Amino acid sequence: MRVDFNVPFDSEGNISDSTRIEAALPTIRHLVEQGAKVILASHLGRPRGEKNQKFSLKPVAAELARKLGLPVIFLEGCIGPEVESAVRGIHNGSVVLLENLRFHSGEEKNDPEFCRSLAQIPEIYANDAFGAAHRAHASVSGLPVLMEEKVAGFLMERELDYLGGKTEKPERPFVVILGGAKVSDKIGVIDALLDKADSIMIGGAMAYTFHLAQGFEVGSSLCESDKVEIAQKALDSAKAKGIRFLLPVDHLIAEKLDFGAGSTGEMRVVEGNFPEGWSGVDIGPKTIELYKQEISRARTILWNGPMGIFEMEACRDGTFSIARAIGDNVESVSIIGGGDSVKAINLGGFADKVSFISTGGGASLEFLEGKLLPGVAALG
Ligand code: AMP
């Protein structure tokens with residue numbers, strides 16, 4: 001089973017967030033209960049095709065064993081005769097974790113020889129690694145093609161159901177909140193959702209490109225001045241389609257933003273033009289109220305991307321207020337579309353108030369853009 005155990009580590013080498021391990025537990029437990037030999041394979045970090053202990057999955061095996069309450073056998077390889085014979089030798093119902101797939105360059109290259117070697121090990125292929133499904137890598141794309149029996153795990157199934165099914169035929173109103181750093185990263189999602197959503201609300205640094213498109217000054221804000229045309233096109237298209245496309249009506253700005261030092265200098269709320277040298281850091285209070293109202297009426301909510309620099313306490317009011325408003329709308333199906341909005345939801349303590357939190361950052365964005373992900377296509 002391909003899993004996404006690409007977990008973050010702190011400076012002391014401890015796993016700092018085991019969400020991805022926890023997300024795979026239901027499928028692993030189910031397979032163990034069915035008496036399968038569960039052979040787990042994952043990547044971790046970017047070892048660039050070479051063995052490097054810094055990227056070993058061994059600590060993940062220990063953490064998985066703790067979470068599962070079962071022993072996990074760790075093998076120091078992922079292909080070859082030793083791995084094959086070790087797998088043959090274990091009992092049904094055991095759990096095995098193979099070493100990092102990316103210790104072999106064939107993984108990222110989707111090398112046919114590496115795919116054939118991987119295919120020697122299992123009888124059935126399962127993919128529960130939604131977070132890696134947008135990569136046409138060997139374990140995600142080439143291997144399943146060689147396998148007769150292939151299935152999606154429970155996590156993969158849930159991801160496809162929420163990000164796909166529930167936004168394809170949403171209960172209305174379907175309200176989308178998009179934020180984050182760049183318009184260029186999210187324009188594909190905006191375009192795709194213009195055909196599905198009833199309202200789209202924009203926040204984060206992305207909003208400043210739209211602000212520019214409307215003819216305002218944005219000071220020293222993070223902004224893509226070469227993407228103004230794209231932003232304008234999205235605005236025109238929303239108008240033509242009769243979608244409510246909401247931009248911030250006010251902004252929190254900082255005089256001396258220093259992200260590294262975590263300081264902002266003087267802060268102000270402005271509408272219209274930003275003074276020279278000042279940077280937008282969050283949506284303003286009127287915008288928060290406007291977006292909250294829209295969210296409270298929604299029956300389906302999709303959120304991707306923070307409303308401001310939520311990593312800094314002085315700039316997280318917008319993001320946290322949106323997270324709280326989503327959690328408060330208990331009537332709705334609420335979907336948090338991966339990446340930094342998940343961090344914000346966890347940081348604010350709102351995780352158990354939403355319907356679904358995607359484990360895929362890049363994968364969820366590509367899926368929402370309407371792209372067929374290689375890992376999904378390969379399950380046929
Ligand atoms: P993304 O990965 O595109 O979802 O962007 C997330 C990042 O956007 C976070 O690290 C935020 O700090 C950053 N961000 C959001 N709003 C702003 C802003 N107003 N200025 C600078 N960065 C921002």
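This passage looks at the domain layout, the ligand site and one buried loop residue of a predicted model. Residue numbers start from 1 along each chain as its sequence is written, and hydrogens and water are left out of side-chain values, which use heavy atoms. As the model is predicted, local features need pLDDT of at least 70 and side-chain atom pairs count only at pLDDT 80 or more, while totals for chains, interfaces and linings use all residues.

The protein chain splits into domain 1 (19-152) and domain 2 (159-369), with bounds taken from an automatic or database domain assignment. Their C-alpha centres sit 36 Å apart. Five residues of domain 1 are in contact with 11 residues of domain 2 (contact meaning heavy atoms within 4.5 Å).

Turning to the ligand, 15 residues surround it (a heavy atom within 4 Å), with A181, K186, G280, E311 and D340 the closest. By class, this shell has seven nonpolar, five polar and three charged residues; Ala, Val, Leu, Ile, Met, Phe, Trp, Tyr, Cys and Pro count as nonpolar, Asp, Glu, Lys and Arg as charged, and the others, Gly among them, as polar. A polar side-chain atom of K186 lies 3.1 Å from a ligand oxygen atom. On the backbone side, a polar atom of A205 is 3.2 Å from a ligand nitrogen atom.

T264 is found in the loop between β9 (251-254) and β10 (267-270), strands being DSSP runs (E, at least two residues) numbered from the N terminus. T264 is buried, at 9% relative accessible area (buried is under 20%, with a 1.4 Å probe and protein chains only). Beyond neighbours within four places in sequence, T264 is in contact with A254, E255, K256, L257, M312 and C315.

Conventions:
Polar contact = N/O pair within 3.5 Å; in protein donor to acceptor, adjacent residues only side chain to side chain. Helix = DSSP H or I, 4+ residues; strand = E, 2+ residues; numbered from the N terminus. Buried < 20%, exposed > 50% of the residue type's maximum accessible area, 1.4 Å probe, protein only.
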